[in-house]
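Open the model in your viewer and keep the selection tool at hand. The stops below go from a broad span to single residues.

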Amino acid sequence: MIELDGVWKTFPARGSDTAVEALRGVSLHVPRGEIYGVIGRSGAGKSTLIRTINGLERPTGGEVRVDGIAIDKLDERALREERRKIGMIFQHFNLLSSRSAFGNVALPLELLGLSRREIEKRVTPLLELVGLGDKRDRHPVELSGGQKQRVGIARALATEPKVLRSDEATSALDPETTRSILALLARVNAELGLTIVLITHEMTVIKEICHRVGVIDDGAIIEEGPVHQVFAHPQTATARSFVGSLAGRELPASVKAQLGAPVEASSQTILRLTLTGEAATQPTVTKLARALGIDVAILGGQIDSIGGHPFALLFMGVPTASWTSGAVSAALASPDIQLEMLGHVA
C-alpha cells in the first residue's frame, strides 16, 4: 500500500547553516489495512518522513509510492487529486473557530464542490462514528481537546481516503483522552479498512494500537518489526530507551542501589526475565522455585498484552549459588524466555 524505497531528503544550506539530511535512505513497506507507527525523538526525521507520503515534501532521492502510484513523480494537479485520498490528523487539531463541528468536517467537501445534500449525507454519519452526533452545532471553543480531535478525525475521513496519517495526534491530550482517541483510530482501522501511519515520541501510543513499528534516529530507520517483538527484544540503544521508558520496565531504585556486591560475598543474584508466548501465561516462576527448591523474590515488573500477544517482564532475585551453578539458566531455557543477569546483592 505504502512503499518508501531508499528515500533521502536534504534541506539545502541557508546562510551560514550547513545542509541538513533529514532522511537518509529510508525504506519501508506498509501493507493495506495496517496501523504502522514511526517513533523517534525530536529532530529524528518523523515529520519529514510522514510529509513525503502525500508529497508535502519531495524526496531528494528514492521513490514514494502509495497504492502503486509514485507520489514523488506527479505534477501538482495530479498530486492534489491523490492528496484527497490521504487524510491527515494534526497535533493541534487545526479547526476553524468560526465553524461548527459540522462545518469543519464539511469544509473539504465544500472545496470539492459537493452539494449541501451530499455533504449532509456524508458528514452526519462521520460525526456519529466519532461520537459527536449531538455536538454537530458546537464550535471549537465549546469542545474539549478530545472532542476537537474527534472532529479532526471526522474531517480527515470526509474525503473517503485510503490512507490516514497521524502527526502526534495525542501528544496534547491527557492519558485518558489519549486512550479514547487511540481506541477510535483502531475502530476506524477495523471498520473502514484504512491504512494508518502515525508518528509519535510516546511508546505507549505504539503499544496501544500499532501492528508494526519503525524506530527512526538521525533520519534513518534503525529498527523495525512487529510491535510485540520490538518490545520484547529491542535491538538498538534507541529502541531500548523508548521501551525502558514505560512503567515497570526499570529495576526499582531501592534494589538498583544495592547492586555491586562481589559474587563470592553475595546472597542473591538479580535477574531480568522477559517472557513471551506461552511462557508469559504460565506459572514460570513458580515452576522454577519448585523445580530447584529455592525461594524466588519478585522485585518488580509488568504483565501485559501487546498487539494481541502475551508479554511479561519480571525482576527477580534468586540464591546466588543456584545462579552460579547454572541451575537457574538450565531450568529457564526456552525460546520464549530471555534471561539477563543484572548483578548481585549481599
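Start by selecting residues 2–243, which an unreviewed UniProt entry lists as "domain: ABC transporter". What you see is a predicted model. The span is 38% helix and 26% strand, and its end C-alpha atoms lie 26 Å apart.

Next, select residues 175–192, which form helix α6. This helix has 18 residues and reaches 25 Å from its first C-alpha to its last, close to the 26 Å expected at 1.5 Å a residue.

Which residues of α6 are buried? Colour Thr177, Thr178, Ile181, Leu182, Leu184, Leu185, Val188 and Asn189 to see them. Now turn the view to look down the axis of α6: the buried residues fall within an arc of 155 degrees, so they line one face of the helix. On the face turned away from that buried side, select Pro175, Glu176 and Ala190, which are exposed.

Then go to the two ends of the helix. At the N-terminal end, Asp174 acts as the cap of α6, with a side-chain oxygen 3.1 Å from the backbone nitrogen of Glu176. Just after α6, pick Gly193, where phi is positive, at about 70 degrees.

For the last stop, leave the helix and show Arg41 together with Phe242. Where does Arg41 lie relative to the ring of Phe242? Arg41 is over the face of that ring, 5.4 Å from the ring centre. If you look for aromatic pairs as well, the structure holds zero of them.

Note on methods: Residues numbered from 1 in each chain as written. Predicted model: local features only at pLDDT ≥ 70, side-chain atom pairs only at ≥ 80, totals over all residues. Heavy atoms only, no water. Phe/Tyr/Trp six-rings, centres within 6.5 Å; stacked < 30°, edge-to-face > 60°. Lys NZ or Arg CZ within 6 Å of the ring centre and 35° of its normal. UniProt positions renumbered as here; feature names shortened; annotations may be inferred. Helix = DSSP H or I, 4+ residues; strand = E, 2+ residues; numbered from the N terminus. Expected span 1.5 Å × (residues − 1). Buried < 20%, exposed > 50% of the residue type's maximum accessible area, 1.4 Å probe, protein only. Arc of directions from axis to C-beta. Polar contact = N/O pair within 3.5 Å; in protein donor to acceptor, adjacent residues only side chain to side chain.
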